[in-house]
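User: I've got this one open in the viewer and would like to talk through a few spots. Can we go through it question by question?

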Amino acid sequence: MTALLTAVLALGVLAGCTSTQTGGNPTSASTTGAGQTSSQPTSDGSDAGLSIAKYVSSPCSILTASQVSSLGSVREPAPGSGTLGPNCVWMGQDVIKNSKYTVHVTENKSFEDLVANVKANPVFTDKTIDGVRVISTSQTDASTGCLTSLQASKTDSITVQVSTAAEERASKPACQESERVAQLIITNLKG
C-alpha cells in the first residue's frame, strides 16, 4: 500500500516540472536546485494510443523471459493488486544484492491526475522515450528507488517501480533503471 501511495505521489510531482527528451536510450535528467530535475514541457494533451488491455488480467506477462533475465537475480513473479491497479512484483533473490521491480497496470485513471499527485516530489522528469511520454519521480533523492510511468493513453498507464538493492546502487541508478524497464515495456506495447 505504501509503495502504491508513493507511486501516486511521485506522479503528482512530475506534473509540476517537465522536460523533453527523445530517442531510444533513456538518460539521466539534469539536476537543478535542490535535486529537482526539469526541462521543456512535453504535455500537449495527446497520448501514445497504446493498448494495455491484455496486461490488466495478466500483469506478469508484460515483460518477456529475456527481459526478466535482464533484471538480474529475481524470484518468480508475484501478481497482485493495489491503488494503481493490477501489478507484478519481481523480488530480488537477496534483498541486499538484488533489486526489486514492480510493474503496475493502470486503466481508466487520468494520466494528468496521476502526474498532478506527484508534482511536489524532490526528483521529477517529464520526457519522451521512443515517442511515448514518460515521467520519473522519487520522494527522496532517487538513490534507493524511483517510479517511472509511461502514458499509454489519456486514461491508461504503466508504472515501473524500482527499489534498488544496496549492492546495485552504483551500477543501477534507480531512475535510469526504471526508465530502462519502461523502454522495454514500450517496445512490447508497440509490438
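**Charges, strands and odd loops**

User: Is Glu 177 buried or exposed?
Analyst: Glu 177 has a relative accessible area of 7%. Buried means under 20% relative accessible area, exposed over 50%, and partly exposed in between, with a 1.4 Å probe and protein chains only. With its 7%, Glu 177 counts as buried.

User: What kind of model is this, and how are residues numbered?
Analyst: It's a predicted model, where local features need pLDDT of at least 70 and side-chain atom pairs count only at pLDDT 80 or more, while totals for chains, interfaces and linings use all residues. Side-chain values use heavy atoms, leaving out hydrogens and water, and along each chain, as its sequence is written, residues are numbered from 1.

User: Which residue meets Glu 177 in a salt bridge?
Analyst: A salt bridge here is a side-chain nitrogen of Lys or Arg within 4 Å of a carboxyl oxygen of Asp or Glu. The partner of Glu 177 sits three residues apart from it in helix α5, about one helical turn (helices are DSSP runs of H or I with at least four residues, strands are E runs of at least two, numbered from the N terminus). That partner is partly exposed at 25%, and N to O comes to 2.9 Å. The residue is Arg 180.

User: Which residues do shared salt-bridge partners join into one network?
Analyst: Start with Glu 112 and Arg 133, whose closest N and O atoms are 2.4 Å apart; since one is in helix α4 and the other in strand β7, the pair ties together parts that are 21 residues apart in sequence. Asp 126 also forms a salt bridge with Arg 133, at 2.7 Å. Arg 133 is buried at 8%, whereas Glu 112 is partly exposed at 32%. The network is Glu 112, Asp 126 and Arg 133.

User: What is the strand order in the open sheet?
Analyst: Seven strands make it up, with antiparallel pairing; two strands pair if DSSP finds at least two bridges between them. The edge strands, each pairing on one side only, are β3 (78–82) and β6 (123–129). The order runs β3-β4-β5-β9-β8-β7-β6.

User: How many residues of β6 are buried?
Analyst: Val 123, Thr 125, Lys 127 and Ile 129 point one way, Phe 124, Asp 126 and Thr 128 the other, and all are buried. That leaves β6 largely enclosed by the rest of the structure, because the buried count is seven of the seven.

User: Which residue in the hairpin of β6 and β7 takes a positive phi?
Analyst: The two strands pair in the antiparallel sense over seven bridges, with Thr 128 having Arg 133 as its bridge partner in β7. Two residues lie between the strands, and the one with phi near 50° is Asp 130.

User: What is the relative accessible area of Ala 142?
Analyst: Ala 142 is a residue other than glycine with a positive phi, near 70°. Its place is the loop between β7 (132–138) and β8 (145–151). It is buried, and its relative accessible area is 13%.

User: And Asn 108, is that one buried or exposed?
Analyst: Asn 108 also has a positive phi, near 60°. It lies in the loop between β5 (100–106) and α4 (111–116). With a relative accessible area of 63%, Asn 108 is exposed.
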